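Colleague: I would like a close look at a single part of this model, the sheet and what surrounds it. Could you take me through it strand by strand?

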Amino acid sequence: MKYYIILLFFMISFSSFAQKVEKDGKTYEVKKEKIFLNGEDVTETLNLEEKQAILKEAETISEKIKTKEKALKKEKKAKDNYKRAQDKLAKAQKKYEKLKKKGKLSPVDEEKWLEKIENLTEKVEKAKKKL
């Protein structure tokens, strides 16, 4: 849940707020190719070099935010995969124990179940390494 909130915060801040760029002691805000200083549009008053430098800096900031979002998504996905693998393993072990207790497993079936549990255990280990 914590990661959802952080991800939501980044997405909102990325999409709705302007990128703040510091240049020459002034803080500019960049929104869709427009540059604001103290709430006023100064895009046309800046020379071409300043404008390009500010827009490039804003782009760099946006890329850094996107990178953080991707990292959070990747981490969340890894945790979900690990939890899912653990759940599948626990369910398979429980079912195997239940069938074994009732005596409904032939030697061939028991071998298949043990192989399945072993494969699921390997998947859990792989998911844990990815975390």
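Modeller: What follows is a walk along the sheet, then the helix that packs on it, and then a word on confidence.

This is a predicted model, and its sheet is an open one of 4 strands in the order E1-E2-E3-E4, with antiparallel pairing. The edge strands are E1 and E4, the latter covering residues 40–41, and each of these pairs on one side only. Strands of a sheet pair through backbone hydrogen bonds, either parallel or antiparallel.

Beginning at the E1 edge, strand E1 (residues 19–23) runs antiparallel to strand E2 (residues 26–31), and 5 bridges join the two. Within this pairing Gln19 stands opposite Val30 in E2, while Lys20 has Glu29 of E2 as its bridge partner. The two strands form a hairpin with 2 residues between them, and Asp24, which lies in the turn, has a positive phi of about 55°.

Moving on to the next pair, E2 is joined by 4 bridges to strand E3 (residues 34–37), again in an antiparallel arrangement. Here the bridge partner of Tyr28 is Leu37 in E3. E2 and E3 also form a hairpin with 2 residues between them, and in its turn Lys32 takes a positive phi of about 45°.

Returning to the sheet as a whole, with its strand order E1-E2-E3-E4, helix H2 packs on it and touches E1, E2 and E3, the direction of the helix making about 130° with that of E1. At the start of H2, a side-chain oxygen of Asn47 reaches to within 3.2 Å of the backbone nitrogen of Glu49. H2 comprises the 55 residues 48–102, and at 1.5 Å a residue these should span 81 Å, so the 80 Å between its end C-alpha atoms agrees with that expectation. After H2 comes Gly103, with a positive phi near 80°.

As for confidence, the chain averages a pLDDT of 86, and 87% of the residues score at least 70. Among the elements of the chain, the lowest mean pLDDT, 62, belongs to helix H1 (residues 2–16), whereas the highest, 94, belongs to helix H3 (residues 107–130).

Definitions and conventions
Residues numbered from 1 in each chain as written. Heavy atoms only, no water. Expected span 1.5 Å × (residues − 1). Polar contact = N/O pair within 3.5 Å; in protein donor to acceptor, adjacent residues only side chain to side chain. Pairing = 2+ DSSP bridges. pLDDT = per-residue confidence, 0-100. Contact = heavy atoms within 4.5 Å. Axes fitted to C-alpha atoms, helices over the stretch in contact; angles between N-to-C directions.
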